[in-house]
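Notebook open, structure loaded. I want to look up a ligand site, a strand pair and one aromatic residue.

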Amino acid sequence: MINRRKFLKRAVWFIPAVGLFRRFASNAQATTAVAGYDPTNHLYGMGIDIDKCIGCGRCVEACKTENNVPKEPFFFRTWVERYTIKKDDSVEVENIDVRLRRRGEATTEADVLRSFFVPKLCNQCQNPPCVQVCPVGATFSTEDGVVLVDSNRCIGCRYCIQACPYGARFLNPETKTADKCTFCYHRIVKGLLPACVEVCPTQARVFGDLKSMASRLVRFKRMKRITVLKAHLNTEPKVVYGNLDGEVR
Ligand code: SF4
Ligand code: SF4
């Protein structure tokens, strides 16, 4: 007996037309989730203020709790990297969660030129490679600018995980489907902030609607020197960074 997921996994090369149809069906499902909510009125994004992040990791913990992300340290929907630029021009990048589990670090303050934290997450690309490669349309873009995964359709083929240039996706070991940040879509369609934004004690994360001139994010983009990660790939991220160091990849 072969179930639907197994069948689709085997037939993955023969069903691009099915995938296209399902992508539109999934879009319809996502945009009818909350009564009275019109996704065409919104376009969501996030700003990260590098000068404000203190690397406390509260955003990571809040995200794990809110979204049932597996507890193991290598599964993240959002994570924070510590960049250390040394006097010999070398650059060290560490996930702060992994770093906390290490012992006997050799770097001394005298070696360090500068050091800072960089929160990362799915960039909610306007032009997302993960959506383009999904053979069954399980990964799709909503009209309000969020890239989602329909876990009922996902066959766990991992194409999207390989296609994402930001390492923002993982295969959830419990559901066996692709997983990643959704900007807490279940919250934002009700007018709430994503969990990581709500708990950040320094307001290093700025969430907002790019279609609203009154949004904090629009002001943030006006006031800061804005950069996106890997701009040369033309993925058009909706996560933007303020005052990002040129060493960040
Ligand atoms: Fe897809 Fe990766 Fe872009 Fe997120 S960052 S939309 S997972 S390509
Ligand atoms: Fe940085 Fe805010 Fe996350 Fe703390 S909660 S690590 S300050 S982004």
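Before the strands, a reminder to myself: I call two strands paired if DSSP finds at least two bridges between them. I also keep in mind that this is a predicted model.

Strand pair. I looked up S1 (residues 44-49) and found that it pairs with S9 in the antiparallel sense, over five bridges. For a single bridge I picked glycine 47, whose partner in S9 is valine 206. Then I checked how covered S9 (residues 205-209) is: four of its five residues are buried, so I noted the strand as mostly covered.

Ligand 2. How many residues surround ligand 2? I got 15, and the closest are Cys53, Cys56, Cys59, Cys200 and Ala204. Helix H3 (58-67) and strand S4 (112-121) are the elements that each give two or more residues to this shell. Sorted by class, the shell around ligand 2 holds 10 nonpolar, three polar and two charged residues.

Phenylalanine 170. I found this residue in strand S7 (residues 170-171). Why does phenylalanine 170 count as partly exposed? It has 18 C-beta neighbours inside 10 Å, and because buried takes 20 or more and exposed 12 or fewer, that count falls in between. Next I looked for contacts, leaving aside neighbours within four places in sequence: phenylalanine 170 touches base with Phe75, Ile161 and Asp179 by the contact criterion. I also looked up phenylalanine 76, which sits 94 residues away from phenylalanine 170 along the chain, with 7.9 Å between the two C-alpha atoms.

Technical notes
Residues numbered from 1 in each chain as written. Chains lettered and ligands numbered in written order. Predicted model: local features only at pLDDT ≥ 70, side-chain atom pairs only at ≥ 80, totals over all residues. Near = placed C-beta within 6 Å. Nonpolar A, V, L, I, M, F, W, Y, C, P; charged D, E, K, R; others polar. Contact = placed C-beta atoms within 7 Å.
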